[in-house]
Structure formats: C-alpha cells, structure tokens
Amino acid sequence: MAMTEVTIDSPARVAWRRFRQHRIAMVALAVLGVIVILCAFAPFFSGYDPLGLNMAAIRQPPSAEHWLGTDTLGRDVWTRTLYGGRVSLVIGLAAAFLSTIIGIVLGVISGYFGKWADMVVMRATDVVMAFPPIIIMLTVAAFTGPGLVNVIFIIGGLRWPPTARLVRGQILQLRDQDFVTAARTLGLTNAIIITRHMLPHVVAPLVANITFAVSLAILTEAGLSFLGLGVPLPTPTWGNMMEAARDLRIMREEPWMWIPPAIFTLITVLCINFVGDGLRDAFDPQQLIGEK
Amino acid sequence: MTRYIIRRLLLAIPVLFMVTVLVFALIELAPGDVVDFFANPEVMAGMSEADLEALRERLGLNDPAPVRYLHWLGGVLQGDFGYSLIRSEPVGELLLRRFGNSMMIMGIGLFVAVTFGISLGIYTALRQYSVADFTISFLSFVGISMPAFIAGIIALYVFSVQLGWFPAGGMRSPGVHTLGDLLHHLILPALVLSIIHMATFMRYTRFSMLDVLKQEYVVTATAKGMPRRIVVMRHAFRNGLIPVVTMIGYSIPELVVGAVFLETIFSFPGMGKLYFDSVISRDFPVIMAANLVIAVFVLAANLITDVAYAAIDPRIRLE
C-alpha cells in the first residue's frame, strides 16, 4: 500500500529554510559559533591562567610563547581575551534576557489591559527613553558601584522600552482579532489568552529584536567597562581590557593589549547583527506569504 | 497643526516632570551627601561632628527628600542649577560653555552623516545589486555595528598616534586661537562620531528610495520622458526623504552617547567629558543638571521631529 507522507512545515522550519538562504547571515552564524566555542572552552585553547600574574614577563609583545603578548601585570592577553569573552557574552545574554522579559511583561500589560495601565507604562517608557541609554547607566553604575551583577541589572533594567513598545504594538493588533474574542467568549482566563493565544504571535517579530538586544548589551557592557564603570578588574571582559587604551602610552607603545578585545567585540557584534538581519528576513510574514 | 503641537507640548509636561523626579531620585540613591563629600581631612580639618551637623542643617540636607526636591526644582525653574562641588563655578554657566563645545562636534558629525549618508543611500538605491551597492551596504553594516568608543580608539591610534595627521586630543593647541587649529582638533572626533549615523542614514535612505522608485508616479514621470536626474531628484527624492527626517531626530540620543565617549577619549572639553568627569568625581549638582539638560534636549528633538514629520507629510493624520 502506498502511503503519501504529508509534511506540514512549522513556521520555525520555514524560517530556518529561509535563513539558510541568507548567505552572509550563515557565515556570520559560523563565525559566531567559533567565537562562542573559543570562549566557552577557553581552557582548551590556552595554557595560562587569566588572572595569573607574571612579573618576570610584563608588557611583552606577541611571541610564540604569548601569542598576543602580555599586559602590564604579565598576564597573557590571548587567554584574557578568551576568558573576557565569556564574561562579555554572558552579560550580553543575561542583560538581553532581562530587558526582553521586562519588555514583554510591560508591553503585554500596556497593550492588553489598555486604559490607565497603558498610560502609565507608556509614560514610563517615554521617561526612560528621554535619557540616552549609556548616559543614565553611567550615573547608576557610579552609585551602585561596579560589578558583574550590577552591570547586568543596569543594562537589563534600562534597555526594555523598545521591546515594550514592540510587544505593545503587536498585542494591540491581536487584541481585537476573532480568535482572541473567541477565546474570551469561551471563558478562558486572561493569563491563558495571553500566554497560549497571543504571545506565540509575538515571537516572530521579537526574535530579531532579541538578537539586536544581545549585541547592544555586549556593546553597552564594553562601553561601561571601558570607562571603568562596568565589571571591575581583575576579572577580564572585552570592555575593561580595552580600558588599557585610555592610557596614551599603552595605546601608542603596546597596542596588543587593547586591539584583540576590540577586534573580538567588533566581530562578535557584527556577526550577531548579521544573524539578526537574517532572522528578521526569515521571519518576515510578508515574505513568507510571497513564497507560497 | 497648531492643535497637534499644543497637544504634544501638553503630553510632554508629565514626562518632563517625571524626568526631574528620576534625576533627583537617582542622586538620592547615592550614598552620602554634599557634606560627606567635603568632609575629608584635607578640606575640613578640625571640624567636629557637631559642626558638620550644623552645616547639614544650614544647607537644608536634613529636610525630607520631597522638600529638597521642590527646593532643587524651584532653583532649576529659575535657571539656578547650584554650584559645582569641584569646579567652584555655577553649574549653569559651566554647562552652557561645555554644551557649546559639544555642539561643534555633534553639529559637524551630524552634518557629515546627513550629507554623506543620504548621498550614498541614493547612489546605492539607483544601483541596486551592483558591486558598489553590495560594498557600501556591507560597509554600512559594519558602521552600525561600530560603537563610537572602539572607532574612537582605533581612529586615535591610526590617525593621531601612528600617522600624526591630527592632534591626539584637546580643543586648541596651547596659545593658538585660530579657526584652523580648532577645526584641526574637531575633525577627527566629529568624523568618528558621524560613522554610525552615516551608516544609519544611508540604510534608511536606500531602503526608502527603493520603495519610492517603485511607485507609479515615478513610472509616470519616467514615461513622460523626463530626464532620469529630474525624476530622481524632484519626484522620488522628496518623498524618499520623509522617513529619513525622523531618523535624524531620533539619532540625537546616540549622538550624545557618542559624544561622551569621544570627548573622553580625545580629552575634548565638551559636555560629554564634563558628564563623565562629574560622574567619576561624584559632582552631584553637575550630574543632576547634565542629566536634566540632556533629557530635555532629547525630548525637544523628539518633539521637533514629530512636528516636522507631520508638517512635511500631509498623509499623516493629526487626529
């Protein structure tokens, strides 16, 4: 008996197929994979301790022994770049996760419940957005003191307004659609209507937004740490390694101390943005319709 | 139109009010107060705890927070931002001078970004999928992924330290007061500041122009036998520019952020460097005033943008 196999493509599979056609995004994803592996498995790619001082070998230019040289305390720069990447990537992911969660919750409250809740949330986003992102973070960071957890909370706690606006817009569009009205007529609770019926529709536009949030968070951490208000030494991050360049002598004479983290940051952010761009195209519903 | 502007202004009032509350509350979170700040052995040797307490009372630091907030707000409304704790100068004057310096960098940066961004956007839109289009579009992606501070240290290293084309920082050479010298100091940080915005404007212009060029009235104009140049510049460009105008207004916050980093890297005496120095030294009155001025600057830019957008695009309904 011949059986016809019927396959129905899930939206995620369609998106993945479309993403694969985006050549630059695929290359970016591969490069990103390499960077993540290098950082995550740093001990396999370096024999040095990122915090290990070696006063006998300070400020050494790149050599066979120290691929990217050593810093002012004799620590291996290649090793610190990899371990620093761990911290920077974790902060980027954690802060983006936090800001996305806050953004979704406030966006849903604002869009779904409307009225005064909408008014309050929207004015709050106006107020937070009146302060250029890093500006207000500098003040907060100076007062809360430097620290990894503080940086995550500062970035996550102040980067949510764009996400909240995006989610609110989506929810507003969905709120009056028939399937939502039907769900309500059936007597489903708000919690179920929101989580089961509405939020799945928000995922697609949110995916690209989340990727960009990660790259923004990585840059913000780097910026804060570069100014000495992010993650304090000796813990390496790409940002606080680049802080070395604020010393004109190091910038001029010992560029190997700050160029590697700068390049890693740039490549990582560029790749994340390319992947985000690919995801945005892949999830674009208008193009999905066009394909069928 | 007038009603729309009035409505927008009224909406801005509660936001502005909350901004002042937030600016004040942030400083409240900080440990210590002005007296603690000065009460270090060098500045106030020989002051007893009772003296300090008397000083607090006299300065009104023992009042409850809302009272102090209203006191501060009252001063701000009269243009009195207090005195800098470190620079012994009225904050208002200090800010005004530094803001002027920053405007030079931001002004040049924005001008360069707008001119080149829009030109490149049109250029690539007219040559979609050509090698030039791919190259410039790729570079623009690098540009928008390039934060001001990394671009800043790389530019400083390459153009000032290695090539020696530009001074390594400051605003004027000591004792020199010529426009040429000032521009020589301004040009590198301003160009670096323009990168990310140039890339943004280029992408928006390209996108918008591609959209407009497909419109039927553009086809009609071409069909009537108009020269390509007229079709592009008179018919397509004007409408294509509309979304770009909003991007210029909304790029102000990023411009301020860039200024903070670049002024710090190039030791340029602008508001950004003042802000950073004040944060590091906890110069509360300056931090509060700078936060407030920047927020008002951003709100004003947003307001002007929205009004301009409505003014140039008659399709927008001003319910």
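**Chatting through a two-chain helical model**

Mentor: Let's begin with the core: the largest nonpolar core has 143 residues, and those with the most contacts inside it are Met137(A), Leu138(A), Met242(A), Trp258(A), Ile153(B) and Ala290(B). A nonpolar core here is a set of buried Ala, Val, Leu, Ile, Met, Phe, Trp, Tyr and Cys residues joined through C-beta atoms within 7 Å. Buried means that 20 or more other C-beta atoms lie within 10 Å of the residue's own; 12 or fewer is exposed, in between is partly exposed, and C-beta atoms are placed from the backbone.

Trainee: Before I go on, what kind of model is this?

Mentor: This is a predicted model, where local features need pLDDT of at least 70, side-chain atom pairs count only at pLDDT 80 or more, and totals for chains, interfaces and linings use all residues. Residues are numbered from 1 along each chain as its sequence is written, with chains lettered from A and ligands numbered from 1 in the order in which they are written.

Trainee: Thanks! Which helix gives the most to that 143-residue core?

Mentor: Helix α8 of chain B, residues 179–213, with 15 residues. Helices (H or I, at least four residues) and strands (E, at least two) are DSSP runs numbered from the N terminus.

Trainee: And what is Leu138(A) in contact with?

Mentor: Setting aside neighbours within four places in sequence, Leu138(A) is in contact with Leu227(A), Leu229(A), Phe276(B) and Val279(B). Contact means the two C-beta atoms, placed from the backbone, lie within 7 Å. There is also a second, separate core of 14 residues, which includes Val121(A), Val167(A), Met198(A) and Val202(A).

Trainee: How many residues of each chain are in contact with the other chain?

Mentor: 33 residues of chain A are in contact with 38 residues of chain B. On the chain A side, α6(A) gives the largest share, nine residues. That side divides into 26 nonpolar, four polar and three charged residues. For those classes, Ala, Val, Leu, Ile, Met, Phe, Trp, Tyr, Cys and Pro count as nonpolar, Asp, Glu, Lys and Arg as charged, and the others, Gly among them, as polar.

Trainee: Zooming out, what is chain A's secondary structure?

Mentor: Chain A has 14 helices and zero strands. Its C-alpha atoms fill a box of roughly 75 × 60 × 25 Å along the principal axes, and buried residues make up 46% of its 292 residues.

Trainee: Why does Val151(A) count as buried?

Mentor: Because Val151(A) has 28 other C-beta atoms within 10 Å. Val151(A) sits in helix α7 of chain A, residues 148–158. Leaving out neighbours within four places in sequence, its contacts are Ile91(A), Glu221(A), Leu224(A), Gly230(A) and Val231(A).

Trainee: Switching to chain B, how do α1(B) and α14(B) pack?

Mentor: Helix α1 (residues 2–29) and helix α14 (residues 284–312) of chain B pack at about 160°, with axes 10 Å apart. That angle makes α1(B) roughly antiparallel to α14(B). The axes are lines fitted to C-alpha atoms, for helices over the stretch in contact, and angles run from 0 to 180 degrees between N-to-C directions. Under 35 degrees counts as roughly parallel, over 145 as roughly antiparallel, 65 to 115 as roughly perpendicular and the rest as oblique.

Trainee: Which residues meet there?

Mentor: Among them are Tyr4(B), Ile5(B) and Arg8(B) in α1(B), and Phe284(B), Ile287(B) and Asp306(B) in α14(B). The contact's residues divide into 18 nonpolar, two polar and two charged.

Trainee: Last one: how many residues of α9(B) are buried?

Mentor: Zero of the eight residues in α9(B), residues 216–223, are buried. After α9(B) comes Gly225(B), with a positive phi near 90°.
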